[in-house]
Structures are given as C-alpha cells and as structure tokens.
Amino acid sequence: MDKKELLETVGALAEQVNKAQIDELEVETEELRVRISKRLPPPPIPQIQPMPAISAMSPPYPAAEVKTQSGVNTVEENKPVSGKIIKSPIVGTFYAAAAPGKPPFVSVGSKVKKGGVVCIVESMKLMNEINSEYDGIVAEVYVNDGQLVEYDQPLFRLD
C-alpha cells in the first residue's frame, strides 16, 4: 500500500468514526496498525439549585399543644417562651413515659428536682433520658407524646 492509498484509507476510516456513534476504532493488519479516536465534549456540569431562604420569623419547630392547669391550648407560633424552660438537647421523638401504658415522668403540677428525669427523647434508636436543669413545678407541657422534636425546642415550662 503506497502513501496515498494509506492516507485515503485512514481518511475514510476517520470519516466513518466521525459519522458512527463510536468513540474509537482500531484496525491492525500485517503491515499496518491504525487507531482513531474522537474527543467527546465533557459531560455537562449539573446545576445546583439554591436552598430557599428560611424566614427569620418562622419557628424551627411546629406549633404544639400546651397542657396547662386550665386545659389544653395551642402554642402561638411566634410567641416567645420565657421562664425556666426545659429544652430538647437533641432531635428525636418525645416520649412522656418510660413505656407505653406507664404513667408519664411529669405532668402539669408535678414537682421537679434538678437532675430528675422529665421525659425520653428517642434519637437513632437510642432512648435518651432528659433531665431537668431546674427545681420547680411543671406549669406547661409544650409537646405531645410521640411528637418529633427539634434541637433546642421547648418541652416544659417550670414555675
């Protein structure tokens, strides 16, 4: 095969590779070995969607029912809670009692000692006893049994 025929053959092969849906072609004979590959454009870079802004006025946890001595009320979403507040130290599921059917650790009117267990918050299959940071009497319970709670969410108010 002379030089002109060789160039024509390689040109024809390159044209076929360009038309076909292949990235590479390699041909080998006794006297010749040709490898033709085409460069593909890089894959597109995925676009990252920005996270929506969180309103400064929205609470990090849903409104919950509040049990008071006068009955059951609903916590106003933007109402600040003050006083001796026992907050959840972790994200998880709130349990008022040690087991289903057992009496709650505390309820409205219960006397609480600093360090005493007031509830359980289950997180990642671990039951975490939540202890009071204060002495006092439970005035309000901000969450319901089995409710999901957020980090730093108020659970109880003590007087």
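Modeller: Two strands count as paired if DSSP finds at least two bridges between them. Keep that in mind here; the model is a predicted one.

Biologist: How many bridges join strand E1 to E2, and in which sense do they run?

Modeller: Five bridges join E1, residues 24–28, to E2, and the two strands run antiparallel. Within this pairing, Glu28 has Arg33 in E2 as its bridge partner. The connection between E1 and E2 is a hairpin, made through four residues.

Biologist: Which residues of strand E2 lie on its covered face, and which on its uncovered one?

Modeller: E2 spans residues 33–37. Val34 and Ile36 make up the covered face, while Arg33, Arg35 and Ser37 make up the uncovered one. Arg33, the bridge partner of Glu28, is thus on the uncovered face.

Biologist: Next, the sheet that contains E8. What is the order of its strands?

Modeller: The order is E9-E8-E6-E11, in an open sheet of four strands with antiparallel pairing. Strand E9 (126–131) and strand E11 (148–149) are at the edges, and each has a single partner strand, so one side of each lacks a neighbour in the sheet.

Biologist: How many bridges pair E8 with E9, and which residue of E9 stands opposite Glu122?

Modeller: E8, residues 117–123, pairs with E9 over six bridges in the antiparallel sense. Opposite Glu122 stands Met127 in E9.

Biologist: Now the rings. How many aromatic pairs are there?

Modeller: The rule is a distance between ring centres within 6.5 Å, and planes from 30 to 60 degrees apart are called tilted. The count by this rule is one aromatic pair. Phe94 and Phe156 form it, with 5.9 Å from centre to centre and 55° between the planes, which makes the pair tilted. The two residues come from distant parts of the chain: Phe94 is in strand E6 (residues 92–95) and Phe156 in strand E12 (residues 154–158), 62 residues apart.

Biologist: Are these rings on buried or exposed residues?

Modeller: The cut-off for buried is under 20% relative accessible area. Phe94 has 1% relative accessibility, so Phe94 counts as buried. Phe156 has 2%, so Phe156 counts as buried too.

Biologist: Where is Gln153, and which backbone nitrogen lies 2.9 Å from a polar atom of its side chain?

Modeller: Gln153 sits in the loop between E11 and E12. The backbone nitrogen is that of Glu150, at 2.9 Å from a polar atom of the Gln153 side chain. Although Gln153 is in a loop, its relative accessibility is 1%, so Gln153 counts as buried.

Technical notes: Residues are numbered from 1 along each chain as its sequence is written. This is a predicted model: local features need pLDDT of at least 70, side-chain atom pairs count only at pLDDT 80 or more; totals for chains, interfaces and linings use all residues. Side-chain values use heavy atoms; hydrogens and water are left out. Buried means under 20% relative accessible area, exposed over 50%, partly exposed in between (1.4 Å probe, protein chains only). Rings of Phe, Tyr and Trp (its six-membered ring) pair if their centres lie within 6.5 Å; planes under 30 degrees apart count as stacked, over 60 as edge-to-face and the rest as tilted. A polar contact is a pair of N or O atoms within 3.5 Å; within protein, one must be able to donate a hydrogen and the other to accept it, and residues adjacent in sequence count only if both atoms are side-chain atoms.
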